[in-house]
Amino acid sequence: MSARKPIESWLSDMDGVLVHEGQPVPGAEEFIRRLEASGKRFLILTNNSIYTRRDLAARLAAVGLNVPAESIWTSAVATARFLQDQRPEGSAYVIGEAGLTTALHEVGYVLTDLDPDYVVLGETRTYSFSQITKAIRLIERGARFIATNPDPIGPSAEGSLPACGAVAAMITKATGVQPYFVGKPNPLMMRTALNVVGGHSESTAMIGDRMDTDIVAGVEAGLETILVLTGVTRKEEVERFPFRPSHVVPSIADVIEMIDPAS
C-alpha cells in the first residue's frame, strides 16, 4: 500500500466492531477512551435507522461505551441531510421508526401521505403490508424512492429479520423503480461523515467488519481502511473480493495502538 498521511480522524462501524450481540467487544471501551484522550475527531457509523443518535448513545452507555450522541452518524441522519440538500423543506411518506422520522423532522421535512416528494424507506420491526402498499401507489404516482440502506436482513434474538433492502426489493419489483440507497456502501455516507468531522480522505481511517459495506465504502471514499474480524467477514473471505483493506486485524483492541497520542 502507498504511504498515507497520519490518521487525524476516525470513522468506525458499530455492530461487529464495537459491540457484538449487544455486548461490547473486548478493547472497545479502551478504544473510545484513547480516541477521546488523543483529541482525534471521530464518528461511529451505523446503517441502523431505527434509533435516534441519543437512543444509540444511551444503549452504548448501558454496556459501558460512553459515546456522545453527536459522535454517532446513522443512515437516517445521512438520509435526512441528503434530502435537505436535494429538496429543502420537502415532504416524505416514511416507513420507519423514530430514528428516521426524528431526523427528517429536524431538517424541516413534512411527513405526509398526500402527494409527497419522496417515499423514504427505513427499518422497522413491524413492516406493514398496508404501508408498503401505500408506498407502491405513491411511487406509481411519481414520488421519488429513497431507502436508508441496502441491508437485506438484520439480526434479532430469534434469528434473521427482513430489513430495508429486502423490503425495497419488493417495492421495486412492484413498481419497476429502483431506490437511491443513502447508507453504506454508498460513499455519500462517508463523505457526509467526513464533512461532519472536518476530516480529509487522505488522513481518515474507516474501521468495519464487513468487506461488502464498510470496507468498500471506505475504499471508494479514498480512506485508509481497517477490517476487524469480530463481525461478518471472516479472514479467509477477504481474498475473494477485488479490493483490499489497508489492514486486517483480529479486533478493535488491535487498533488502539494505531491512535497517535495528543500532540
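Hello everyone. Let me begin with the packing of helix α1: its buried residues pack against β1 (9–13), β4 (41–46) and β13 (204–208). Before I go on, please keep in mind that this is a predicted model.

So which residues of α1 are buried? In this helix, which covers residues 28–38, they are A28, F31, I32, L35 and S38. They cover an arc of only 135° around the axis, and that puts them on the same side of α1. If you are wondering about the spacing, an α-helix has 3.6 residues a turn, so residues three or four places apart point the same way. Right after α1 comes G39, and its phi is positive, near 80°.

Now please look at α2, residues 53–62. Here the buried residues are L56, A57 and L60. Looking down the axis of α2, you find these buried residues within an arc of 100°, so they line one face of the helix. What do they pack against? Their partners are β2 (19–20), β4 and β5 (72–74). You may recall β4 from the start, where it was one of the strands packed against by the buried residues of α1. Turn to the other side of α2 and you meet R54 and A62, which are exposed. Just after α2, G64 has a positive phi of about 90°.

Let's move on to the strands. There is an open sheet of 5 strands, with parallel pairing, and the order is β7-β6-β8-β9-β12. Its edge strands are β7 (110–111) and β12 (180–181), each of which pairs on one side only. As a reminder, strands of a sheet pair through backbone hydrogen bonds, either parallel or antiparallel.

I'd like to stay with β6, residues 91–95, for a moment. How many bridges join it to β8 (residues 118–121)? There are 4, and the two strands run parallel. One pair to find on your screen is V94 with its bridge partner V120 in β8. Towards β7 there are 2 bridges, again with the strands running parallel, and A92 stands opposite L111 in β7.

Is β6 enclosed or open? 5 of its 5 residues are buried, so β6 is largely enclosed by the rest of the structure. In a regular strand the side chains alternate between the two faces of the sheet. For β6, both faces are covered: S91, Y93 and I95 are buried on one side, and A92 and V94 on the other.

Another strand to look at is β14, residues 224–228, where 5 of 5 residues are buried. Both of its faces are covered, with E224, I226 and V228 on one side and T225 and L227 on the other. β14 runs parallel to β13, and 4 bridges join the two. Within β14, T225 is the residue that stands opposite M206.

Last stop: the second largest pocket, with a volume of about 220 Å³. Which residues are closest to its centre? Of the 13 that line this pocket, they are R53, V77, T102, A103 and E106. The helices α2, α3 (75–86) and α4 (98–106) each supply at least two residues of the lining, and the largest share, 4 residues, comes from α4. By class, the lining has 5 nonpolar, 3 polar and 5 charged residues.

That's my tour. Thanks for listening!

How values were computed. Residues numbered from 1 in each chain as written. Predicted model: local features only at pLDDT ≥ 70, side-chain atom pairs only at ≥ 80, totals over all residues. Heavy atoms only, no water. Buried < 20%, exposed > 50% of the residue type's maximum accessible area, 1.4 Å probe, protein only. Arc of directions from axis to C-beta. Contact = heavy atoms within 4.5 Å. 1 Å grid on protein atoms, 1.4 Å probe; cavity = no way out; pocket = protein on both sides within 12 Å on 5 of 7 lines; lining within 4 Å. Points joined across faces, edges and corners; volume = space filled by probe spheres on them. Nonpolar A, V, L, I, M, F, W, Y, C, P; charged D, E, K, R; others polar. Pairing = 2+ DSSP bridges.
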